[in-house]
Amino acid sequence: MAPLDPAEPLDRSTAAQVRSSGLTTFKQTFGGSGDQDRAATDEELAQAFRAIALNPGVFSLVRGPADLLADARKGRVGIIPSFEAAEMLEGRLENIDHYRSAGVLVMGLSYNRATPFASGVLSQQSTGLTELGREAVHRMNSLGVTIDLSHSDEASSLAATGASIRPVVISHAGCAAVQPHPRNKSDTLLRSVADAGGVVGIYELSFLAPPPRQPTLDDYLTHLEHALAVCGEDHVGIGTDGGLLPFNTSPASMKAWNAVIARRKAAGVSAPGEGPPPFVIGLNRPDRYGVISQALRRRGLPSRVVEKVLGANFARTFAETWR
């Protein structure tokens with residue numbers, strides 16, 4: 001998540017931290033975590049777009065494949081507007097059109113709980129991909145929307161991967177074979193996404209390691225290398241699911257974080273074991289991508305693979321799905 005303020009531009013120090021990340025583009029989630037309707041999401045997007053416009057030398061909106069390279073050449077960080085949840089679609093296919101016209105390029109079918117489109121990873125009973133969900137997949141394909149299955153359950157995800165005529169992504173997850181957890185994905189699903197031409201991004205959440213331990217860089221690399229072994233070098237990327245800036249571990253910040261977790265638990269969208277802050281020890285810094293790059297090279301991965309993992313795989317998939 002980027003530090004966006006619709007009221008004023010970033011201060012010089014924060015802008016410098018953003019630039020020091022080395023990022024050229026990232027996917028930012030809007031629309032809440034399964035708790036936000038269309039009206040609230042429309043307002044959130046409007047506020048975010050105002051904030052981006054206030055920082056023309058730092059951020060820009062990505063509207064298509066050409067922007068992925070254009071922003072890098074101009075020294076700006078491109079933001080890809082995205083949804084993880086689907087509640088803002090309110091079970092209506094025409095809302096996919098509405099948000100694609102507004103500039104949202106990546107959308108999910110469910111966030112942990114079931115929606116009219118698909119069941120989520122926390123659904124007590126899996127509905128799989130519904131008939132309306134199948135129509136949503138086709139609508140997203142036709143409009144040039146990337147389908148993100150990060151929070152959908154296995155049955156829904158496998159069905160959506162099979163129904164889509166374009167690659168799908170799991171933008172942020174871990175590997176269940178390394179650490180079992182509802183948010184981590186089976187080898188069967190990882191392979192299915194790869195076989196369909198998509199990409200799996202490895203996140204930096206506590207679900208990478210046995211609770212209550214905070215995951216380390218070694219934990220992160222173990223998941224990433226497992227995904228590479230299962231999916232192949234053309235189908236794995238980075239999907240942090242955290243902030244662009246380092247997570248603040250001060251008492252005040254942790255109190256606010258714990259309040260967020262409490263609200264998520266009350267809403268029924270909290271995954272088992274949620275609570276530890278969203279970072280990997282060794283990666284809680286703006287330039288974490290450089291750290292990952294160096295670590296992969298030390299483990300013997302060739303430069304071409306590192307470049308694919310750091311963004312080329314996602315860029316290719318986005319270009320194929322946004323057409």
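D42 is partly exposed, with a relative accessible area of 28%, and in this predicted model the side chain of D42 meets that of R38 in a salt bridge with an N to O distance of 3.6 Å. R38, for its part, has a relative accessible area of 26% and is likewise classed as partly exposed. The two residues are 4 residues apart in helix α2 (residues 38-53), so about one helical turn separates R38 from D42.

## Salt bridges

Side chains of opposite charge can pair when their charged atoms come close. The model as a whole contains 15 salt bridges, among them the three pairs listed here.

| Pair | Closest N to O distance |
|---|---|
| R38 and D42 | 3.6 Å |
| D218 and R299 | 3.2 Å |
| R285 and D287 | 2.6 Å |

The side chains of D218 and R299 meet in a salt bridge. D218 belongs to helix α8 whereas R299 sits in the loop between α10 and α11 (303-321), so this pair ties together parts of the chain that are 81 residues apart in sequence. D218 is partly exposed at 49% relative accessibility, and R299 is also partly exposed, with a relative accessible area of 35%.

In the salt bridge between R285 and D287, the closest N and O atoms are 2.6 Å apart. R285 counts as partly exposed at 36% relative accessibility, and D287 is partly exposed with a relative accessible area of 28%. Elsewhere, E233, D234, R304 and K308 are linked in a network of salt bridges.

## T222 and its surroundings in helix α8

Helix α8 also holds T222, which counts as partly exposed at 36% relative accessibility. A polar atom of the T222 side chain lies 2.8 Å from the backbone oxygen of D218, the residue whose own side chain forms the salt bridge with R299. When residues up to four places away in sequence are not counted, T222 touches V178 and R299, so that R299 is both a contact of T222 and the salt-bridge partner of D218. Although T222 and V178 are 44 residues apart along the chain, their C-alpha atoms are separated by 7.6 Å.

## Strand β6 and the cysteines

Strand β6 (residues 169-175) has 7 of its 7 residues buried, so the strand is largely enclosed by the rest of the structure. On the one hand, β6 runs parallel to β8 and is joined to that strand by 3 bridges, with A173 having I202 of β8 as its bridge partner. On the other hand, β6 pairs in the parallel sense with strand β7 (residues 184-185) over 2 bridges, and here G174 stands opposite N184 in β7.

A disulfide is a covalent bond between the sulfur atoms of two cysteines. The count of disulfides in this model comes to 0. C175 takes part in no disulfide, and its nearest cysteine sulfur, that of C231, is 7.2 Å away. Seen from C231, the closest cysteine sulfur is the one in C175, and the 7.2 Å between them is too far for a bond, given that a disulfide requires the sulfur atoms to be within 2.5 Å. C175 is buried at 0% relative accessibility, and C231 is buried as well, with a relative accessible area of 9%.

## Loops and backbone geometry

P211 and P212 are joined by a cis peptide bond with omega of about 0°, and P212 is placed in the loop between β8 (199-202) and α8 (217-231).

Positive phi values occur at two non-glycine residues described here. E90, whose phi is near 55°, is found in the loop between β3 (77-83) and α4 (94-102) and is partly exposed, with a relative accessible area of 38%. D241, with a positive phi of about 60°, is found in the loop between β9 (236-238) and α9 (251-267), and at 31% relative accessibility D241 counts as partly exposed.

S270 occupies the loop between α9 and α10 (288-298) and is buried, with a relative accessible area of 15%. The side chains of S270 and E274 are joined by a polar contact of 3.1 Å, and, leaving aside neighbours within four places in sequence, S270 is in contact with L122, R264 and K265.

Conventions. Residues are numbered from 1 along each chain as its sequence is written. This is a predicted model: local features need pLDDT of at least 70, side-chain atom pairs count only at pLDDT 80 or more; totals for chains, interfaces and linings use all residues. Side-chain values use heavy atoms; hydrogens and water are left out. Buried means under 20% relative accessible area, exposed over 50%, partly exposed in between (1.4 Å probe, protein chains only). Two strands pair if DSSP finds at least two bridges between them. A polar contact is a pair of N or O atoms within 3.5 Å; within protein, one must be able to donate a hydrogen and the other to accept it, and residues adjacent in sequence count only if both atoms are side-chain atoms. Contact means heavy atoms within 4.5 Å. A salt bridge is a side-chain nitrogen of Lys or Arg within 4 Å of a carboxyl oxygen of Asp or Glu.
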